[in-house]
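Q: Can you walk me through this structure? I'm new to it, so keep it short.

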There are 2 protein chains.
Amino acid sequence: MTNQVKAPHIVKAFSEELEQLSADVAAMGGLAESLVSDALEAAATRDGDLAAGVVARDAQVDAMQRDIEKKIIRLLALRHPIAQDLRVCIAALKIVTDLERVGDLAKSIARRVPALNDSEPTAFAASVDRMGKLVLSHMHEVLDAYVTGETARAVAVWERDDDVDEHYNALFRELVRAMRDDHVMIGPGAHLLFIAKNLERIGDHATNIAEVIHYLVTGRELASERPRGPRPEQSA
Amino acid sequence: MTNQVKAPHIVKAFSEELEQLSADVAAMGGLAESLVSDALEAAATRDGDLAAGVVARDAQVDAMQRDIEKKIIRLLALRHPIAQDLRVCIAALKIVTDLERVGDLAKSIARRVPALNDSEPTAFAASVDRMGKLVLSHMHEVLDAYVTGETARAVAVWERDDDVDEHYNALFRELVRAMRDDHVMIGPGAHLLFIAKNLERIGDHATNIAEVIHYLVTGRELASERPRGPRPEQSA
């Protein structure tokens, strides 16, 4: 076999490895997204079995992260990627870090489901559901944008993170008021506060992923600080 | 200049670049640690100016992360590190991700200081202070272990994360009880719950950094799951 034949073969295998890497990241994203979706469903319906399933499946997300990280480190060591290929590796490394946390946050929501059993199932269902659907739509959009390489879609999600923060601020105020008005709500309310916070954090991770996609496609960073509304932490 | 002279020169410059990288990460760690320390002090003394300083200085942590990431990407592209050198780069990339979040969490604690003004300054001061000191000691230990390459110290912190979780669980119960007993506590209590949660998360990041140090020094992963006590989310 001559070098002329061998070289394209190596190049082809490398591009296939990078495609496989991106496919693995997308699959991990799909699993993380399904955990968020199921955790919200479990919280809304107080479904303990569904919640337990989310907790169990988070281990798969963690395993996928470890597997993908190993692949990336091997690619870096053996292939010495530069330019766009290096960005594919760095982007994958960053995105799986965010996705691992999204899985953790879904698990954290699922773990609170038993503690919600005491409270009226319909209380706040609508508000949490609205915020949950919004955050899920952001996750779904950035993961689609990652697969298709559509920076504009990623940037659109990045710009809409304020909507998540507004939902969170409103829910925070609503919950504290409910805890003041009906003291039976104090225990479950504390857990609902964290569920809302977890959703806000999942929205932040979608925003992080949007930034990584922008870097991956363009090689440039998004503005280091988005213009934003009142910070979630300032609401009381 | 002959190649024989030139090659060691290049090698020396590379090892210097890696040393500089580790020094940059350690400096970022020192800044993140000081933000946590100051945020706790601000929360304990209701010091609005100190809190505002923490919020302002978090931007420096973010800037350090961006700067270090750029250096790492340049090193990967130009130097094609393998084995231990590659691990130094990957470890730095992972640690700055954790440190950036630690800065965010310190900022989040600082942002809640104004909302605490309504509450009795001494309430929970002791419990939050104890948990804060514990988490700070973990951060300090892992950052020292990173600088000295002492895996055993890093593993010791990793094994002690349960202590942080126990403090968090106790504080969660204490706060919900106080909110039930004295309804004036409901508003500030919600913020204190998040401060406790933020401290618990900072402890998790110290644990993550410990895992990275173990990988950096040994090339092997720590057990993927620590044996642990009751999960923080299960307490009510």
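A short chat about the structure follows.

Q: What kind of model is this?
A: This is a predicted model: local features need pLDDT of at least 70, side-chain atom pairs count only at pLDDT 80 or more, and totals for chains, interfaces and linings use all residues. Residues are numbered from 1 along each chain as its sequence is written, chains are lettered from A and ligands numbered from 1 in the order in which they are written, and side-chain values use heavy atoms, with hydrogens and water left out.

Q: How many helices and strands does chain A have?
A: Chain A has 8 helices and 0 strands. Both kinds are DSSP runs numbered from the N terminus, helices being H or I of at least four residues and strands E of at least two.

Q: And what share of chain A is buried?
A: Of its 236 residues, 53% count as buried. Buried means under 20% relative accessible area, exposed means over 50%, and partly exposed is in between (1.4 Å probe, protein chains only).

Q: What about contacts along chain A?
A: Take the contacts in chain A with a separation of 6 or more: residues 24 or more positions apart account for 83% of them. Contact means heavy atoms within 4.5 Å.

Q: Now the interface. How many residues does each chain put in?
A: Chain A gives 42 residues and chain B gives 40 residues.

Q: How much area is buried there?
A: About 3800 Å² between chain A and chain B, with carbon and sulfur atoms giving 64%. Buried area is the accessible area (1.4 Å probe) that two parts lose on being put together, summed over both.

Q: How many salt bridges cross between chain A and chain B?
A: The rule finds 4 across that interface. A salt bridge is a side-chain nitrogen of Lys or Arg within 4 Å of a carboxyl oxygen of Asp or Glu.

Q: Which parts of chain A touch chain B?
A: Helix 2 (48–79), helix 3 (83–111), helix 7 (161–181) and helix 8 (186–218) of chain A each supply at least two residues of that side.

Q: Back to the salt bridges. What does A:Lys94 pair with?
A: A:Lys94 pairs with B:Glu69, the closest N and O atoms being 2.4 Å apart. A:Lys94 lies in helix 3 of chain A and B:Glu69 in helix 2 of chain B, so the pair joins two chains. A:Lys94 is partly exposed at 24% relative accessible area, while B:Glu69 is buried at 13%.

Q: And B:Lys94?
A: B:Lys94 forms a salt bridge with A:Glu69, with closest N and O atoms 2.4 Å apart.

Q: How many over all chains?
A: The whole structure has 28 salt bridges. One of them joins A:Arg201 and A:Asp204, with closest N and O atoms 2.9 Å apart. The two are 3 residues apart in helix 8 of chain A, about one helical turn.

Q: Changing topic: how many disulfides?
A: The count is 0 over all chains. A disulfide is a pair of cysteine sulfur atoms within 2.5 Å.

Q: Is A:Cys89 buried or exposed?
A: A:Cys89 is buried, at 0% relative accessible area. B:Cys89 is buried too, at 1%.

Q: What's odd about the backbone of A:Arg46?
A: A:Arg46 has a positive phi of about 55° although it is not a glycine. Most residues other than glycine have a negative phi.

Q: Where is A:Arg46?
A: A:Arg46 sits in the loop between helix 1 (3–45) and helix 2 of chain A. A:Arg46 is buried, at 16% relative accessible area.
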